[in-house]
Amino acid sequence: MKAQLNILPLKNWLKFYEPPLIISGPCSAESEEQLLNTAKEISRLTNVKIFRVGIWKPRTRPDYFEGVGNIGLEWLKVVKDETGMKTAVEVANSRHVEDCLEHGVDILWIGARTVVNPFSIQEISEVLKGVDIPVMVKNPVNPDLELWIGALERINFVGIKKLIAVHRGFYFFEKSPFRNAPMWEVPIELKRIFPELPVIVDPSHICGNKELLLQISQKALDLEMDGLMIETHINPEIALTDAKQQITPAELKDLISKLIIRNESDNIEFENKLEELRAKIDEVDYELINILAKRLELVKQIGEYKRNSNITILQLKRWRNVIQDRLKKGVEKGLNKKFLIDLFELVHEESIRLQNEIMNK
Ligand code: PEP
Ligand code: MN
């Protein structure tokens, strides 16, 4: 099946959109006060106009805090009224979707644990049929691009054109500094397949801590991702979920101020410089080809001379000297020894092949 999505560009449906899109808010709603205080602080930042929050939390063990449930949707109405921010909530089944729609939630998102299950995605898609609401689809926990695309397709096929993919990193069995390995090649490939699909990055769930947040956020922007979703909490230390990775609204402000947003003119300058360097490489490569041809021509002449003088092709002593000399010269020039050995072995092999041809003429 040919991958195709029918997508509306962000700027067509988010009137305030100015890249990068920044979405922020707590991992979980815990109390009306926590929600409102966090939202009020965030809403002061000019670049943050969407407030995210988990109302139902997918937890590993049943005795962990599983979210406040529907009461949180009531609190969110207050957040919206008082701050004017748009609200975004995670949904994992059809009942969540219905409750969010009833409570005027502006944007839905589907979490990494739900995206792994096509039954859940299908169930969610069916209640979204005919509904005009933006949906964000996180990547599945495992690095399976097809599964991610499948979820985007199921949601898109029921008529949701306001779609955003969220890259939140992948489960990785080896030890890594990240909670979820970024594996940037996956979202890059997604963007290559669907150039019109906005892809934002969730550095909070990639990092699992505060320390790496800026680095990953900057990397996301440098890779031309369309925005960031960052978890904030008015008092992260006492957060009931993801306490280690949430930052305060003040820390968010600081992070945003440190981001380097490269504009198009930087890109043009960069492209020009790149073109200039590539043209030089082309020239050097042609020179290299000429030099190789010259060398092999000399090899042929020696071959003919050897044949006429009845001398064997392979003269080990000479070859040993050549290799030693070239290694020394190459290393002096900063070239890697293994690379030099491989290169000259290859040249030597071709020289012997040519001289053999001459001998057998
Ligand atoms: C979240 O955003 O709080 C969340 C649960 O994320 P994920 O689905 O990426 O684990
Ligand atoms: Mn979280």
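The accessible surface of the protein chain in this predicted model comes to about 20000 Å², and carbon and sulfur atoms account for 53% of that area. Of the 361 residues in the chain, 45% are buried. The C-alpha atoms fill a box of roughly 100 × 45 × 45 Å when the box is taken along the principal axes, and the radius of gyration of the chain is 30 Å, whereas a compact globule of 361 residues would have one near 21 Å. The chain contains 14 helices and 8 strands, and among its contacts between residues at least 6 apart in sequence, 73% join residues that are at least 24 apart.

Helix H4, which spans residues 94-102, offers a place to begin with the details. Its N-terminal end is capped by Asn-93, which has a side-chain oxygen 3.1 Å from the backbone nitrogen of Arg-95. The buried residues of H4 are Ser-94, His-96, Val-97, Asp-99 and Cys-100, and what covers them includes helix H3 (71-83) and helix H6 (118-128), together with strand S3 (86-91) and strand S4 (107-110). After H4 comes Gly-104, which has a positive phi, near 70°.

From the helix we turn to a strand. Val-137 belongs to strand S5, made up of residues 135-138, and with a relative accessible area of 0% it counts as buried, because that value is under 20%. Which residues does Val-137 touch, when those up to four places away in sequence are not counted? They are Ile-110, Val-115, Trp-148, Ala-151, Leu-152, Ile-155, Leu-163, Ile-164, Ala-165 and Val-166. In addition, the C-alpha atoms of Val-137 and Trp-109 are 5.7 Å apart in space, although 28 residues separate the two in sequence.

Trp-109 is also one of the residues around ligand 1. The others in that shell are Cys-27, Arg-52, Lys-57, Glu-90, Gly-111, Ala-112, Arg-113, Lys-138, Arg-168, His-205 and Glu-231, and by class the shell has 7 charged, 3 nonpolar and 2 polar residues. Oxygen atoms of the ligand come within a few ångströms of polar protein atoms, as the following distances set out. An N or O atom in the side chain of Arg-52 is 2.7 Å from an oxygen atom of ligand 1, while a polar backbone atom of Ala-112 is 2.8 Å from an oxygen atom of the ligand, and a polar side-chain atom of His-205 lies 3.4 Å from an oxygen atom of the ligand. On its own, ligand 1 has 300 Å² of accessible area, and the protein covers 97% of it.

A last stop is His-233, which is placed in the loop between strand S8 (227-231) and helix H11 (249-258). Is His-233 buried or exposed? Its relative accessible area is 1%, and His-233 is therefore buried, the limit being under 20%. The side chain of His-233 makes a polar contact of 3.1 Å with the side chain of Glu-30, and a polar contact of 3.4 Å joins it to the side chain of Gln-34. Leaving aside neighbours within four places in sequence, the residues in contact with His-233 include Pro-26 and Thr-38 as well as Glu-30 and Gln-34, and further along the chain Ala-239, Gln-246, Ile-247, Thr-248 and Pro-249.

How values were computed:
Residues are numbered from 1 along each chain as its sequence is written. Chains are lettered from A and ligands numbered from 1 in the order in which they are written. This is a predicted model: local features need pLDDT of at least 70, side-chain atom pairs count only at pLDDT 80 or more; totals for chains, interfaces and linings use all residues. Side-chain values use heavy atoms; hydrogens and water are left out. A residue is near a molecule or strand if one of its heavy atoms lies within 4 Å of it. A polar contact is a pair of N or O atoms within 3.5 Å; within protein, one must be able to donate a hydrogen and the other to accept it, and residues adjacent in sequence count only if both atoms are side-chain atoms. Accessible areas come from the Shrake-Rupley method with a 1.4 Å probe; for residues, only the protein chains shown count as cover. Ala, Val, Leu, Ile, Met, Phe, Trp, Tyr, Cys and Pro count as nonpolar, Asp, Glu, Lys and Arg as charged, and the others, Gly among them, as polar. Helices (H or I, at least four residues) and strands (E, at least two) are DSSP runs, numbered from the N terminus. The radius of gyration is taken over C-alpha atoms; the globule rule is 2.2 Å times the number of residues to the power 0.38. Buried means under 20% relative accessible area, exposed over 50%, partly exposed in between (1.4 Å probe, protein chains only). Contact means heavy atoms within 4.5 Å.
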